[in-house]
Structure formats: C-alpha cells, structure tokens
Amino acid sequence: MNNVLFITNLLMAIVLSRFAISKLTGWEISVKAFVEMAKPLGIDPTFFRISTGILIAAVVIGYLITAILTLIRNNTSINSKIQFNTWATFANILGLLTMIGALIAEFSLRVQPKWLLVYIAIGIVFFSTINLFILKKQQQMKINKH
C-alpha cells in the first residue's frame, strides 16, 4: 500500500508541475485559456491564472512531500515530527478539491472543455480518493494495534 501512495503522489506531482509552471510563467496557451475563463467571472485573467498557478504549485509540493515522507517512512526508522497520515491526508484532499474546482471551471467557464485536461483532473480525483482510503485504512490499523 505504501508503494501505491509513493507512486501515485509522485506521478500526480509530476503531471501537475507542468500546469503550475505554465500558469506561473505565462505560457501562451495558459494565458489564452485564462482570458477565456475569466471573462464570465468578470475578473482579471492574469490574477486568476497566477493564483491558480500558486494553488496548483502548493498541491504539487504537497504530493511531493507525501511521496518523500512515504519513502522515508518505509526505508528508515526515523520518527517524523510531522504526522505522516495528517500531512498525506491534507495533501490529497487539497489535490482532490483543486481538481474538482478545475472540472467545474472546465465545464462552466470554457466555451468548449479541453478533454485532455478533464481526463487528467478525473485521474487525479480518482487517485487522490484511493490514497485517502489507503490512509484511512492505515490509520484504523494503527488504532487497532494500540
């Protein structure tokens, strides 16, 4: 189960890092998309794009730290001051909610949804949900041992 946590969190971080970079550095495709999506909301597209990029970067960092903590937890007997389950749960909930927001934006703010982005967001929702079930099961097993 820890291998699943490591692999899924690492893959989700890698996939989402491309989107964080494109938003924060102002790639043309990202700029155009946010001009389209900001129009119905009546907000500044640059602010919308950068704030979304910061949120996705935070999700990427959360997934990366979860993957690293999974490795540390598996390969050493170091007791982390950070409660692993709490951190990993937070990171996966943040990613899940962010991708639900992305799906809502994709269908409500765009003229035509970009299906690749929809599939990526659904995949991240799916894997984050699986991770949350794994973390809950691990927490229950830990409680039952004591």
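This report describes the overall fold, the largest pocket and two buried residues of a predicted protein model.

**Overall architecture**

The protein contains five helices and zero strands, and along the sequence its elements follow the pattern α-α-α-α-α. Its C-alpha atoms fill a box of roughly 55 × 25 × 20 Å along the principal axes. Of the 146 residues in the protein, 37% are buried. Among the contacts with a separation of 6 or more, 72% are between residues 24 or more positions apart. The exposed area of the protein is about 8800 Å², and carbon and sulfur atoms supply 72% of that area.

**The largest pocket**

The largest pocket holds about 650 Å³ of space. Its lining consists of 29 residues, and those closest to the centre are Phe19, Lys23, Glu106, Arg110 and Leu117. Helix 1 (2–25), helix 2 (28–41), helix 3 (45–75), helix 4 and helix 5 each contribute at least two residues to this lining. Helix 4 gives the most, with seven residues. Sorted by class, the lining comprises 18 nonpolar, five polar and six charged residues.

**Two buried residues**

Arg110, one of the residues closest to the centre of the largest pocket, lies in the loop between helix 4 (84–108) and helix 5 (115–145). Arg110 counts as buried because its relative accessible area of 11% is under 20%. Leaving aside residues up to four places away in sequence, Arg110 touches Ala33, Glu36, Met37, Ala105 and Leu117. Leu117 is also among the residues closest to the pocket centre.

Ser128 is placed in helix 5. With a relative accessibility of 0%, Ser128 is likewise buried. Outside the residues up to four places away in sequence, Ser128 touches Met12, Tyr63, Asn92, Gly95 and Leu96. Ser128 and Asn9 are separated by 119 residues in sequence, while their C-alpha atoms are 8.1 Å apart in space.

Each of these two residues takes part in a polar contact between side chains, as listed below.

| Residue | Side-chain partner | Polar contact distance |
|---|---|---|
| Arg110 | Glu106 | 2.6 Å |
| Ser128 | Tyr63 | 2.6 Å |

Glu106, the partner of Arg110 in this table, is itself one of the residues closest to the centre of the largest pocket. Tyr63, the partner of Ser128, also appears among the residues that Ser128 touches.

Methods
Residues are numbered from 1 along each chain as its sequence is written. This is a predicted model: local features need pLDDT of at least 70, side-chain atom pairs count only at pLDDT 80 or more; totals for chains, interfaces and linings use all residues. Side-chain values use heavy atoms; hydrogens and water are left out. Helices (H or I, at least four residues) and strands (E, at least two) are DSSP runs, numbered from the N terminus. Buried means under 20% relative accessible area, exposed over 50%, partly exposed in between (1.4 Å probe, protein chains only). A polar contact is a pair of N or O atoms within 3.5 Å; within protein, one must be able to donate a hydrogen and the other to accept it, and residues adjacent in sequence count only if both atoms are side-chain atoms. Contact means heavy atoms within 4.5 Å. On a 1 Å grid over the protein atoms alone, a cavity is a set of points where a 1.4 Å probe fits but cannot get out, and a pocket is an open set with protein on both sides within 12 Å along at least five of seven lines; lining residues have an atom within 4 Å of a point. Grid points are joined across faces, edges and corners, and a volume is the space filled by probe spheres set on the points. Ala, Val, Leu, Ile, Met, Phe, Trp, Tyr, Cys and Pro count as nonpolar, Asp, Glu, Lys and Arg as charged, and the others, Gly among them, as polar. Accessible areas come from the Shrake-Rupley method with a 1.4 Å probe; for residues, only the protein chains shown count as cover.
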